[in-house]
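Trainee: I would like to request a close look at one part of this model, namely the aromatic side chains of chain B and their surroundings. Could you take me through them in a connected account?

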Amino acid sequence: MLKMVQELLHRSQHLVDLYKRQQGPPFNRPGFAMPGLSLRGLPEVPRAEGNQREEAEDDEARLQAEHEAYRGLAHYLRLVLDDQRELNPSGQDLHQELAYFAVNVEGLAVNLGLLLRALGHEGPDGVHLGTGLTGASDWDKKRAGLVVCTRGVQWLRASEGDFSALVSRYN
Amino acid sequence: MKLWVLFGFVLLTLLSSGYHMAIAQNAVGHCGSMSTKILIANVNSSHNITCYFCGSDAADQVEWKYAGNLLPSSYYTKVTSSVSMVSLQNLGLTSREGENLTCTFKTESYTASVKTGYPPEAPRDLECVTQNFGKIKCSWNTGRDTNIETNYTVCSWLPDSCIEVGTKTFIERDFVAFQDLQLQIIAVNKLGIQTSEQFRKVEHDIVFQPYTPELLKVLKGPTDFQLTVEWNEGGTKYGVGLELIFEIQVFLSHTMQEVWTGNYSSTVDISHDKILQFNWTSDMPLQCTAHSVRIRAISGESEILFSGVKAWSDWSPALTIEGLDTFNQTKGKIYPVDGTVLKAGSSLTFCCVAGQGKRIDKLYFSDLNATVIELSDRSQAIKVQNVTPSIESGTNVICITNVLVYEGAVIYIGYPPDLPRNLSCETRDLQTLNCTFEPGRSTSLVSKRRTRYSIIDRSSKITSPCEEASKIHPHYWCSFPISNGNDIYNLSVHGKNPLGEAQSHITVDVTHVFHPYAPHQLREEAKILTSLNVSWSDQIDYTGITLLCEMEIRDHLGSSNMSYNYSVIGGLKDARHIVTLDNLRPNTRYSIQARYSAQRFWKWSKWSNLINVVTEQAAPSTSLNVWRKIMPNRTVTIYWKPLSDAEANGHILSYNVTWMKIGSNSSTTVEMSMSSIAIDLDEAAYVITVIARNSAGTSPPSVIRIPPHTNDEHVGYIKTSGTGDGFNVTWLRQEVENCGYTVEWCQNLSNSTCNVDWQKFPSNVTSAIIKSDNLQVGVLYMLEVHECRDGGDYLLKRLVGYTRELAPAEAPNLDIEETTSDSVLIKWSDIPVDKQRGFIQGFKIYYSKLYNESAAFKPVGGQKLNTNKLLPKIINDSATRTFKIGGLEPGTAYLVALRAYTRGGDSPRRDVTVTTPNSPLAVILGITLPLVGIITLGVILSIFCYRKQEWIKETFYPDIPDPNNSKVLQDGTFLQGVNSCKTLEPKDCTPSEVQVVEEKQIGFEIEKEVEVDDETEVVPEDISDAETQSQGVLSYGPHSAPAETSGKVNPAFEAMASPTIYPSEVMYTSIRGPVYQQQEAPGTGPGTDEMEVIVKSGYQPQVHGGIAPTPVMEQSEVQELMPRVNGYQPQAHRQSWSLDSVEFPPPETDSIGSPTSINSQAFLIPERMLGADHSLRPGVKMWSLPFFQNSRMSFDSNDS
């Protein structure tokens, strides 16, 4: 999974750049960012809380959070893909990249679920994911897409650190 | 009576001077009253008013008040005990109602009213206005405000009457067309009367000013940009129907900035009040901020109908439509709203309205840097001129509020559909019309905003959607069903998007646009000799339709393309059609394909599949082209040219060659596959027959006769010139009855591998141009012309030549055959024939002195030309192989070059270098003359030396006096009290030389430094010289420790301590310096090694001959010597060196007397001079030695 995360992380910046480029100014300005948008089922990456908790408990909690995040991320990536097919019908590169990430992030979520089950955790209680951006304005779709992509990068970066630590700890 | 007259006069005078007094009823002054109840007076006039009290002594205690203010007692006086009088001086302008003047005594109080003003001015500026052409209202300017009531009387003399209008400043009268109006106005008030001039108003003086329109409502919609204004025309107010122009003005309510003003014309309907409406489209969404509207009217009638003055009505009260910035919503919003589609090229205003309590920080429209317009405290806008089309995902408008909330909208900017272009329709199956078109300019709108096209039958109104271009269909296309019995269709392609629509029309006759599918599954059915049956099928059901089928037949050589057209009746799908193709060539590969068109041609279908068919073989159709070559030994080689495919009609399996001696019945036949055969024949005549055979038969025989043996060797070769790509050959007919001519050519007849080629000509031809693809330029060909006779072919002519001559590919080999002192004989060899590439015409010879390789050749003619324009010695004889170059200089090297040349150019150059030998006389003179010169010089010198031997001896080697013969030594007193070693007293040696002998070791050290600093200076040799020759060369060892720090001095300096030895008498040698630097560095104390150096270096002036210098001294001895040394010190007193100069100054007198080492640039300065007299230390005028710079600091510190 670490390699998978690293591979996705490697490509994720390209996804963000491609996404921004396709949305036009000011999205494509260097360093353009949008203040947070709340997306149900796709939480923000929690800040590091230090080593106050026990490591094992900390690891499991983080894995659970990542599992939920990737489930939400896969869901929203598909919505963004649908939106972009409408907004940028000829942006085939972006469509392919979004589809690639949606599939792989979903695979990541499945693998994390299996891992958590092996650790004795029950599956998620059917977290209700957002119904997407149906009915939202085109502006909201563009903005939500950027938030989804950038938040995906943040989660992947967090997972890379977590997985690396786990690998080094248990190997 | 006179008194009354006088009173009246005074009264009129007062009135005329502006005074007016209203006389109170109690003018005489009864108790309990005032002299005046109401005073109306001119401004600035003065008046006395008396108050009559009933009580006694009231005048002493009275209080006067004016306008509520108590008057000072100086204003009033006591008339009697009960009467008081106040004096009002220079009355100011009172209010219109007047001021109260009150006198009070206890319970008695009386009041009078005081009012001031002005007399009227004459009315002026009469203006008559009508609003309905029924009544006319004339008003005038009253001039200055009188402040008191002024009444007006208007007099007219048509009719002659006056009307009092009271205080009104206008009069209304009926409007009578074409009638002049004459008025005079009289103004009267209590202070005066004035009469105006007589006014006369004709029709064109009358002003028509419509009534102020009644603005009813202002509405937004149906879009965010549209505003609807409604107002009441008020037609019933007007007496006549007339044309009115309404001016509508829209302005921003907050800033009162006018946004738009426009006119609306209407013909007034006097029967009822018509409600008028006007729609205005804003370039800014109306939600951005509040907009206000007002309206006014003016007559639109022409001057013919009304010649008076037209005036605008007053503006109506404004109505306002509020923007979103006045609402209390919390969320900001951008207008136009998200998803709005706008037309490119227009000018638009985008705005952002912040939520309540927020304000806008930034507003962006895409990446445009536009100026922000402040609409209100919550609303900002950007005006964009000529908006450009959006990218596919739209143009973003972003608004950032002060609480970092991003509001945005995506706007789509594009174009309405362009007219569909190149619209054309056709049918492939007579059931459906397929129409294609190009959409024209891109609209830049995609997805749900894209242009949707449909095709409409204008007759039946049937509509069918169109599809966009794709990889499969390169054009936009629509299909439309064809109904039976209807051949003519009026179709329209209609495109629509949110910005508009467009359509193109076409009328289609189905029968004219039938474009059938290509014939299907074309295949070979059967082939018989030169005929072929092919068949195909129809892709769809073309039953009953007449089609034109074009069959194209190409042979594989491309030599013939045939095309046949067939008219066929279409059948059911997959039904086959068959045709026979005739007149084909045997054994030929054909490519066949077919295509369809309608009988009424519209366009061809695509080609069907291509089939390749080979027809059957047949016997060769023509005889072989045969030639022979007869060698002198009667070996006859028979050649024949292979048949072409068209002649062979099949694969040639073999050739049969049969020869038969004439007069003999026997023949010999050989079958072979080659195209030539060599036969050894005897000298008799022969007949040779050659035939070709394939699987279908044999060719007609080719016969060639071999004549009896003849001697053709006497026919010589004649040179001929080619034509560039061939030869022009002519010959003379020798036998009238001949059977033709044959021209044969070969690259080289003597070569057995020569490829013989030939060409035959009929008997009437006597010249021919021989051309062949095989002929090459620069190759020697030999040609023969033969005449065909009954007995065979006879040689007529032999030629040799090139089709085109080229320059030789190789230079001839050049050798020097013979060389003399003034000539060279050169010789060269032939160029191989295959390298000649043309007939050698001659040779060109060049030669030149071999100054250097780049020197130009000097031609034989003596002219010196550059290489490119040489005039060589040209030998026009191709047989010449030698040439003698004369007139050369002896003992000189020459470069000789040779070229061969043809008509095609010069060969490469062959060079050879040759040196002419010297002449014997020159050699003898060269040896003898120097020898004679030397001998002569020796003899002269010998004579000179002999004659001047005494002078030479005195000059160069005088006798050395023997000390033993000295008188001094012979005097015994000299030796008394003196050490035995004293042979010379230094005091007596005034001009003395100091010899400083330096040991080798120090020399080595110096040498080591020298190797680093200056390799050109060979120090060891100098030292060696000094050591061996004991010459007076001062070799100073500068690396002796500085005196200041070590106190060690080279013992050799001891001798210099003598005061009789002057520095100027020391020999100076070269100046060197750098060696000091290291040795004077701090820390280089008096080490052992250094001491050894000092000891070994031992400078020893030779003047102290009695004190023999010790080449090697022990250290202790040196140390003993050190304190006593007062000799010269190196100029290591750095404090005295100028460090600024980097150059050596010229020697000065002060230091010229200083000795120095031969390896040093420092002069030796006597220590005593340095110590005792500082003035003698080298100052700024001293040598400037940069190399002391590094050690300066340490010595500076010592000085300090």
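Mentor: What follows is an account of the aromatic rings, set against the chain that carries them.

The model is a predicted one. Chain B comprises 15 helices and 73 strands. Of its 1200 residues, 43% count as buried. Contacts in chain B between residues at least 6 apart in sequence join, in 68% of cases, residues at least 24 apart. The accessible surface of chain B amounts to about 62800 Å², and carbon and sulfur atoms contribute 52% of that area.

Turning to the rings, a pair of them is described by the distance of the centres and the angle of the planes. Over all chains, the structure holds 33 aromatic pairs. One of them is formed by B:W731 and B:F761, with 5.9 Å from centre to centre and 45° between the planes, a tilted arrangement. This pair links distant parts of the chain: B:W731 belongs to the loop between β58 (726–730) and β59 (741–746) of chain B, while B:F761 lies in strand β60 (residues 757–761), 30 residues apart. B:W731 counts as buried because its relative accessibility is 5%, under the 20% limit for that class. B:F761, with a relative accessible area of 14%, is therefore buried also.

A second example is edge-to-face: B:Y802 and B:F839 have their centres 5.1 Å apart and their planes at 75°. Here too, distant parts of the chain are linked, since B:Y802 is in strand β63 (residues 792–802) of chain B and B:F839 in the loop between α4 (833–836) and β66 (842–849), 37 residues apart. Both B:Y802 and B:F839 are buried.

Ring pairs also build a cluster, whose members are B:W231, B:F246, B:W260, B:Y264, B:F278 and B:W280.

Charged side chains meet aromatic rings as well. B:R428 lies over the face of B:Y517, at 4.3 Å from the ring centre. Likewise, B:K641 places its charged end over the ring of B:W758, 4.8 Å from the centre of that ring.

As a counterpart to these rings, one may consider nonpolar side chains at the surface. B:L931, B:I935, B:V939 and B:I943 make a nonpolar surface patch of about 370 Å². Within this patch, B:L931 is located in helix α5 (residues 920–947) of chain B. B:L931 counts as exposed because its relative accessibility is 51%, over the 50% limit for that class.

Technical notes:
Residues numbered from 1 in each chain as written. Chains lettered and ligands numbered in written order. Predicted model: local features only at pLDDT ≥ 70, side-chain atom pairs only at ≥ 80, totals over all residues. Heavy atoms only, no water. Phe/Tyr/Trp six-rings, centres within 6.5 Å; stacked < 30°, edge-to-face > 60°. Helix = DSSP H or I, 4+ residues; strand = E, 2+ residues; numbered from the N terminus. Buried < 20%, exposed > 50% of the residue type's maximum accessible area, 1.4 Å probe, protein only. Lys NZ or Arg CZ within 6 Å of the ring centre and 35° of its normal. Patch = residues over 30% accessible without salt bridge, like charges linked within 9 Å, V, L, I, M, F, W, Y side chains within 5 Å. Areas by Shrake-Rupley, 256 points an atom, 1.4 Å probe, with all protein chains shown as cover. Salt bridge = Lys/Arg side-chain N within 4 Å of Asp/Glu carboxyl O. Contact = heavy atoms within 4.5 Å.
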